[in-house]
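Please look at the model below with its chains and its nonpolar core in mind. The report that follows begins with one chain and then moves to the core.

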Amino acid sequence: MNFRKALLCAVLLLAGCVPTIPYGMVHEYDREVYESLRPGEATRADVLLTIGEPLYRFEEDRFFMYEWLVVYAFGVIPPAVAFPVYAPHYLCLEFAPDSCLVRREHFIGSIYGKPEKAIQKCTLMNQPKETP
Amino acid sequence: MLRGLHLHIKLIVSLILLVVLIGGCRWTVQKFDPLSARKYEGFIHDGKTTKKEIIDRLGPSHSSYENEKILIYNVYLKKDGQMSLQGNDPCNALVLLFDEDNVLKRHSFIKYGCKDKEKK
């Protein structure tokens, strides 16, 4: 089997299972920027005016959660199929009833992880009431 | 031996291409600097523009927060200085904060700051 045939077979075989990066998730949040949003100082309006809309909103906007993906490495399946190894990152923000930011946490999910655990952690183990 | 070398080269080239392609597709969510945002602002002025004017010109917002004190529009910025509510590029968030009298208090353009970043 020559290189082209091998590559074509590998691509066809792996097309359904090789992870790809969801388009909307390649937008990362700058640590320096979100760390400038300090609990006790920033408000919900400051957050929205600085980093835009959260992907998740819970409990009448008491909690915001932002999500993005970070590629750590590339896996390789010879002869020439490579795929990204990534993990989701989450920025969890909690607001007081007066709209003041009271908690800011950054979570890193497991490789190809889903957001459920981060949502539970963010909302202090409460069940999510809204999903996007 | 030579065939093995060819495979290695192809593998390395594929990896480099992948790194370049994925690397080139990463964007950081950030505020537009005020100077470059100014050309898109048009009728939007802090302390002057009312919520009614905004809604009359742009229609209903994509999202709202704090009893509509904060409105967010998904906007696409064209090179000619026009702001559009539809486009093919990744979308940006126009965040508008109003005071008690429904007059614009502060606003910002957040590059790639939309909730739904996917192409519409």
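## Chain A and the shared core

In this predicted model, 55% of the contacts in chain A between residues at least 6 apart in sequence join residues at least 24 apart. Chain A has 4 helices and 5 strands, and from the N terminus on these elements follow the order α-β-α-α-β-β-β-β-α. Of the 132 residues in chain A, 29% are buried.

The largest nonpolar core holds 47 residues, among which A:M65, A:Y66, B:V95 and B:L96 touch the most other members. The elements in the table each supply at least two residues of this core.

| Chain | Elements supplying at least two core residues |
|---|---|
| Chain A | α3 (44-51), β2 (56-58), β3 (63-77), β4 (81-95), α4 (116-122) |
| Chain B | β3 (70-77), β5 (92-98), β6 (104-111) |

One of the core residues named above, B:V95, has its place in strand β5 of chain B. B:V95 counts as buried because 27 other C-beta atoms lie within 10 Å, where 20 or more are required. Leaving aside residues up to four places away in sequence, B:V95 touches A:L48, A:L49 and A:G52 as well as B:I70, B:I72, B:H107, B:S108 and B:I110. The C-alpha atoms of B:V95 and B:S61 are separated by 9.9 Å, although these residues are 34 residues apart along the chain.

With the same exclusion of residues up to four places away in sequence, B:L96 touches B:I54, B:I70, B:L71, B:L104 and B:H107.

Definitions and conventions
Residues numbered from 1 in each chain as written. Chains lettered and ligands numbered in written order. Predicted model: local features only at pLDDT ≥ 70, side-chain atom pairs only at ≥ 80, totals over all residues. Core = buried A, V, L, I, M, F, W, Y, C linked by C-beta atoms within 7 Å. Buried ≥ 20, exposed ≤ 12 C-beta atoms within 10 Å, placed from the backbone. Contact = placed C-beta atoms within 7 Å.
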